[in-house]
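Me: I have a protein model open on my screen and would like to talk it through. Could you take my questions one at a time?

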Amino acid sequence: MKGLEWRHFSRSPSDGMGRKRSLWSRLHLDPWLLLLLLSLMGAGLVVLYSASGMSLAVTLGQTSRFGVALLAMFVIAQFSPGTLCRWTPLGYFIGVAMLVAVEVMGDMGMGAQRWLEIPGIIRFQPSELMKLAVPMMVATYLYKRPLPPSMRDLLVCALIIGMPVMLIMRQPDLGTSLLVACAAVFVIFLAGLSWRVIGLLAVLLASALPLLWFNMHEYQRQRVLTFLNPESDPLGAGWNIIQSKTAIGSGGVFGKGWGLGTQSQLEFLPERHTDFIGAVLGEEWGLIGMLVFLALYVLIVGRGLFLANTAQDTYGRLVGGSIVLTFFIYVFVNMGMVSGILPVVGVPLPLVSFGGTSSVTLLIGFGILMSVHTHRRLLPR
Amino acid sequence: MRKRRDPIKDTAREVRVFRSRSLLAALLVLLMAGGLGARLFYLQVVEHDVFTTRSEKNRVRVEPLPPTRGLIYDRQGQLVAENRPTYNLTIVRERVKDIDATLDRLVDILGLDETQVEAFRKRSRQRQRPYQPALLMSGLNERQIARLAVNRYRLPGVEVEAQWLRHYPNPKIMSHVLGYVGRINEQELASLDSGNYAGTHYIGKTGIEKQYENALHGQAGLRKVETNARGRVLRELERTPPEPGKDLTLTIDTRLQQMAYDLLDGRRGSIVAIQPQTGDILAMVSAPGFNSNEFVTGISYKDYQSLQENLDLPLFNRAVRGQYPIGSTIKPFEALAALQNGVVTPQEVIYDPGYYKLPNDSRHYRNWLRWGHGRVDLERALAVSNNTYFYTMAHRLGIDALSNFMYKFGFGEVTSLDVQGASSGTVPSREWKREKYGQVWYPGETLSAGIGQGYWMVTPLQLATAEATLANRGDWVRPHLAKRVGETSIEPPFKNTKPDVTLDKEVWWDDVFNGMEKVVSGREGTARHIGKGLKYDMAGKSGTAQVFSLGQNQKYDADELKERLRDHALFTAFAPVDDPQIAIAVIVENAGGGSSHAAGLARALADEWLLPDDENTHQAEELIKEDVEVEGT
């Protein structure tokens, strides 16, 4: 085992040096992952066209955003993991600074605030940046340390994670803050966090749940309560869950057909082209459509985990693995939400829901993964 | 400072750990994906039917299609109740986010004043079936409709709908016959077939409109429509058309009705005319009437209050609910009772000294003519309305025999087929008095009853019905207002609902009729002033209903009494005697004696009904105007 691995890692650079590298490798792209992503995005556009009420404008807008996101992926992939690692702390601290700025502006009486905006030029959601910056920062810190991480290292990591997560939670954006924390925790998990600590943390988390409950905003509590019993408020907060389940359930095995979902097209389904696009898919394409998408996601995750395993250094492995697992968490949370097994949180269905920012973030993540995979060099001393 | 580490050992272990951890993660991913798949299988396969039903319920809305209300015609085919288009403002509360803001906006747009706003808000609070439009205001004008259309985008859930609204072309004269429709109130809503009335706002409240509500309303239809989440109708999926209400043809003749109303000339009173062969009610007037159209659109509280407080009681249907002492109009029936019971013969002569005395009683029961009519037989007793003769008859008959005979003519019960709210009146008897007052019957009360005073209570409709039966020589007909409902004729036979009145000798009818004819045409007749120029034979009988009793020796003086304490004038008649076409009962409240005030009205009405236009000289109307002072009761 040990020997095999070693051989594998020691042989890789010579491959790059000795033979002519493939076109894909020179482009720093992984063709299989790219193919899977493009299939998903293509199929997602088909669903989006129907979910937006046959709006060509929305669909074309999403297509152009995908273009931008793919470009960003391509650009990021050109940087070596080392470069990314070096720039990570800067990105992280800029992100935290922007979160503080958002917080301050919120305190200045602008209400709930998630956006930073230079009017007319750019609108930016700092929490989106943190989805990548926080796990990368944790990886940057950990990869130099002996692993599995020591207690002291864990405390430092908790600080790295806790600061931005608390700031995002105060925006308030519970969903994103949990996802950011989740991404960072994956890094630590993959770094080999001992099972004893995992068990301890699990117990701590369980006991912290009531604390979380009391720190929630009223609407967040309402969402949880509604999730537990949607029928308690069928016209209000429970509406989303009920209509979404109705849409999916009425789709059956084969679906009602593209553009023919009554729940979706007659607008019984709320947020049908953003967070609840999965319900449109379920209604119009049925169980088969849902399973095809689920399979695409699982394949992407599988390919991603494989790519992370081929990374040459710990930083790349940790960041790559975290990105892929977080991607799946998005999928699971969104699909769990539309099918009524998880509460309603504002998490889009990756690369299918309408929205530019999240697509760009996701594809940048996959760009990092490709960079990790394609940049081969001799192990650093 | 910096920890040294062993890169080789480190890396190998890290790779190993990463590999196992990512493998574990991959397994978890598969597990979670499997969980999602299972959940989707549950929703889309196991529970598919449940959610399909739910989704259909979302999408498909069933809308009621209210039927149009049947029209009402009079017997000549003249429209007396029609439907006119009107525009209503409705609101679906479930589709309105902020009801108060919406109402404020509407008040602004429509330019409503304070009282309207209040009514408006009150109505918006009324309970309604969910997702059914609730009526906020009817009768929008074009300006208001235009302003609503412009502001429509700001007013979700608010709709202008075209609707048919009941309209009565002759509200005053027909108000008590037709009744009126009004908005369905909560009480009615609870007892109605909610399916059939789902889209209906109005319901018959009184009169014919109430009596024939089922037929007039029709059967609601429905349509299934596809709607979006905001309730907007996208297309129709299915339609069951409503079955319109049946048209109704009344027995009423509007011209006669109008004339009867005009004849009362602003007085309080009632006229009922019945066709004897059929029981058709040709005219049924209660004056004063009211404008029933106001009740359709929703009368204001103030206007309603003033109608209620009006001393003339315009809302009170005197024709069927007004109870009056029968007065001397009892006499023809009493004469028949005496003949049938064998207590008198037509030829028997009774001497009238101006009063009647019971054996062993000093009290004098006076004739209206102080010095008496002298020798009086049955015919003359009717013609001059002699009291002494009928005191004698009553005494001979006894109250129970008299009452039992009167029941045969429909007194003391409701006999009409389709008249809403009719009263049964009172026929006095020993038993009745014992039950009602717990007292014994006094012989003197029999005498009062014998001239139709005392406890007698009859409605104008009862009086006319009895008169029609009399004219028919006892053949019973049931009075009714509807001639045809849709295609179905309402004609006799409903004869057998009550046994015909039979006499031992048929000729007794003629004896009584002769007396009644003399009332109008005889030299001494109490209503001889209306006999002038009569072109057919008319049998009549005048009557006076005392509003309050006079003491033993008080002289009646109408002028000294306040107007409202004066006696009611009664007159009953039928004509022509050989082939009766019309039986009439006239009651004019507080008009004094019956012969002077009521008789002319009956003659005018009979002229109108019996004579062709070119032969009707309208002499009777002149006679009424002369207001001849005639003695008698």
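What follows is a set of questions and answers about this predicted model.

Me: Happy to start broad. How many helices and strands does chain B have?
Reply: Chain B holds 633 residues, and buried ones make up 54% of them. Among its contacts between residues at least 6 apart in sequence, 74% join residues at least 24 apart. As for secondary structure, the tally for chain B is 24 helices and 21 strands.

Me: Now the interface. How much area is buried between chain B and chain A?
Reply: On the chain B side, 42 residues are in contact with 59 residues of chain A. Carbon and sulfur atoms give 67% of the area buried between the two chains. That buried area is about 4,400 Å².

Me: Which residues of chain B lose the most area to chain A?
Reply: Three residues stand at the top of that ranking, and together they account for 17% of what the chain B side buries. They are B:Phe18, B:Arg21 and B:Gln44.

Me: How many residue pairs are in polar contact between chain B and chain A?
Reply: Salt bridges do not add to this interface, since the rule finds 0 of them across it. Polar contacts are there, though, counted with both residues at pLDDT 80 or more. The number of residue pairs is 15.

Me: Which element gives the largest share of the side of chain B that touches chain A?
Reply: Three elements of chain B each supply at least two residues to that side: helix 1 (7-46), helix 2 (48-59) and strand 8 (221-227). The residues of that side divide into 20 nonpolar, 10 polar and 12 charged. The largest share, 28 residues, comes from helix 1 of chain B.

Me: Let me hop over to chain A for a moment. Which side chain is joined to that of A:Thr88 by a polar contact of 3.0 Å?
Reply: A:Thr88 sits in helix 5 (residues 81-110) of chain A, and at 5% relative accessibility it counts as buried. Leaving aside neighbours within four places in sequence, A:Thr88 is in contact with A:Ala133, A:Met136, A:Met137, A:Thr140 and A:Tyr315. The polar contact of 3.0 Å is with the side chain of A:Tyr315.

Me: Back to charges. How far apart are the closest N and O atoms of B:Glu56 and B:Arg59?
Reply: Side chains of opposite charge can pair when their charged atoms come close. B:Glu56 and B:Arg59 are 3 residues apart in helix 2 of chain B, so about one helical turn separates them. B:Glu56 is partly exposed at 32% relative accessibility, while B:Arg59 is buried at 12%. In their salt bridge the closest N and O atoms are 2.7 Å apart.

Me: And which residue forms a salt bridge with B:Glu82?
Reply: B:Glu82 has a relative accessible area of 18%, under the 20% cut-off, so it counts as buried. Its partner is partly exposed, at 41% relative accessibility. The closest N and O atoms of the pair are 3.6 Å apart, and the partner is B:Arg84.

Me: Which residues are linked with B:Arg223 in a network of salt bridges?
Reply: One link is the salt bridge from B:Arg223 to B:Glu236, with the closest N and O atoms 3.0 Å apart. B:Arg223 lies in strand 8 and B:Glu236 in strand 9 (residues 233-240) of chain B, so this pair ties together parts that are 13 residues apart in sequence. The network links B:Arg223 with B:Arg61, B:Glu63, B:Glu236 and B:Arg239.

Me: Is helix 23 of chain B mostly covered or mostly open, and how many of its residues are buried?
Reply: Helix 23 (residues 599-610) of chain B reaches 16 Å from its first C-alpha to its last, close to the 16 Å expected. Its buried residues include B:Leu601, B:Arg603 and B:Asp607. The helix is mostly covered, and the buried count is 10 of 12.

Me: Last one. What separation is there between the C-alpha atoms of B:Leu79 and B:Leu248?
Reply: B:Leu79 lies in strand 3 (residues 79-91) of chain B and is partly exposed at 26% relative accessibility. Beyond neighbours within four places in sequence, B:Leu79 is in contact with B:Leu71, B:Ile72, B:Tyr73 and B:Pro169. B:Leu248 is 169 residues away along the chain, and the C-alpha atoms of the two are separated by 9.9 Å.

Key: Residues numbered from 1 in each chain as written. Chains lettered and ligands numbered in written order. Predicted model: local features only at pLDDT ≥ 70, side-chain atom pairs only at ≥ 80, totals over all residues. Heavy atoms only, no water. Contact = heavy atoms within 4.5 Å. Buried area = accessible area lost by both parts, 1.4 Å probe. Salt bridge = Lys/Arg side-chain N within 4 Å of Asp/Glu carboxyl O. Polar contact = N/O pair within 3.5 Å; in protein donor to acceptor, adjacent residues only side chain to side chain. Helix = DSSP H or I, 4+ residues; strand = E, 2+ residues; numbered from the N terminus. Nonpolar A, V, L, I, M, F, W, Y, C, P; charged D, E, K, R; others polar. Buried < 20%, exposed > 50% of the residue type's maximum accessible area, 1.4 Å probe, protein only. Expected span 1.5 Å × (residues − 1).
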